[in-house]
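Me: Pick one part of this model and take me through it closely, with the cut-offs spelled out as you go. I'd like one connected answer rather than a list.

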Amino acid sequence: MHVGNDFDQQMTYSDINFIFLGWIASAILNQPIQDLISSHVLQPLKMTDSTFYPTNPAECVPTEVSPERA
């Protein structure tokens, strides 16, 4: 990860640690992270509308700002 001139002056959000955690869990348990989260988090909490494979784009929450969606 690059450390720039603004180190210790500006905070930039990054979820790189969660990405690494997903890779590690997937490698150790030999399952895709989507399956692990579904079986160990979403199903036990009865989060039946949460998915990694949405079928209706209108029900998806945007995770970025774009000219098309504001």
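Reply: Helices are DSSP runs of H or I with at least four residues (strands are E runs of at least two), numbered from the N terminus. This is a predicted model, so local features need pLDDT of at least 70 and side-chain atom pairs 80 or more, while totals for chains, interfaces and linings use all residues. Residues are numbered from 1 along each chain as its sequence is written, and side-chain values use heavy atoms, leaving out hydrogens and water.

Let's zoom in on H1 and the stretch where it ends. Two helices and zero strands are what the chain has by way of secondary structure, and H1 covers residues 16–29. From first C-alpha to last, the 14 residues of H1 reach 20 Å, close to the expected 20 Å (1.5 Å times one less than the number of residues). Straight after H1 comes Asn30, with a positive phi near 55°.

That phi deserves a pause, because most residues other than glycine have a negative one. Asn30 isn't a glycine, yet its phi is positive. It sits in the loop between H1 and helix H2, which runs over 33–42. Asn30 counts as exposed because its relative accessibility is 69% (over 50% is exposed, under 20% buried, partly exposed in between; 1.4 Å probe, protein chains only). If you want a second case to put beside Asn30, go to Lys46, in the segment after H2. Lys46 also has a positive phi near 55° without being a glycine, and at 66% relative accessibility Lys46 counts as exposed.

Back inside H1, there's a ring pair to look at. Searching the whole structure turns up one aromatic pair (ring centres within 6.5 Å, six-membered ring for Trp; planes under 30 degrees apart are stacked, over 60 edge-to-face, the rest tilted). It joins Phe20 and Trp23 edge-to-face, with 5.4 Å between the centres and 65° between the planes. Both residues belong to H1 and sit three residues apart, about one turn of the helix. The two partners get different labels for accessibility: Phe20 is partly exposed because it comes in at 39%, while Trp23 is exposed because its value is 56%. The next residue along, Ile24, is in H1 too, and with 47% relative accessibility it counts as partly exposed.

So what does H1 touch on the H2 side? Leu36, in helix H2, is a good place to find out. Leaving out neighbours within four places in sequence, Leu36 has contacts (heavy atoms within 4.5 Å) with Ala25, Ser26, Leu29, Gln31 and Val41. Take Ala25: it lies eleven residues from Leu36 in sequence, with 8.3 Å between their C-alpha atoms. Leu36 is buried because its relative accessible area is just 6%. For context, 6% of the chain's 70 residues are buried.

H2 has company from the segment that follows it as well. Phe52 is placed in that segment, and among residues over four places away in sequence its contacts are Gln34, Ile37 and Ser38. Ser38 is 14 residues from Phe52 along the chain, and their C-alpha atoms are 8.6 Å apart. Phe52 counts as partly exposed because its relative accessibility is 37%.

To trace this on screen, start at the Phe20 and Trp23 pair, follow H1 to Asn30, then carry on to Leu36 in H2.
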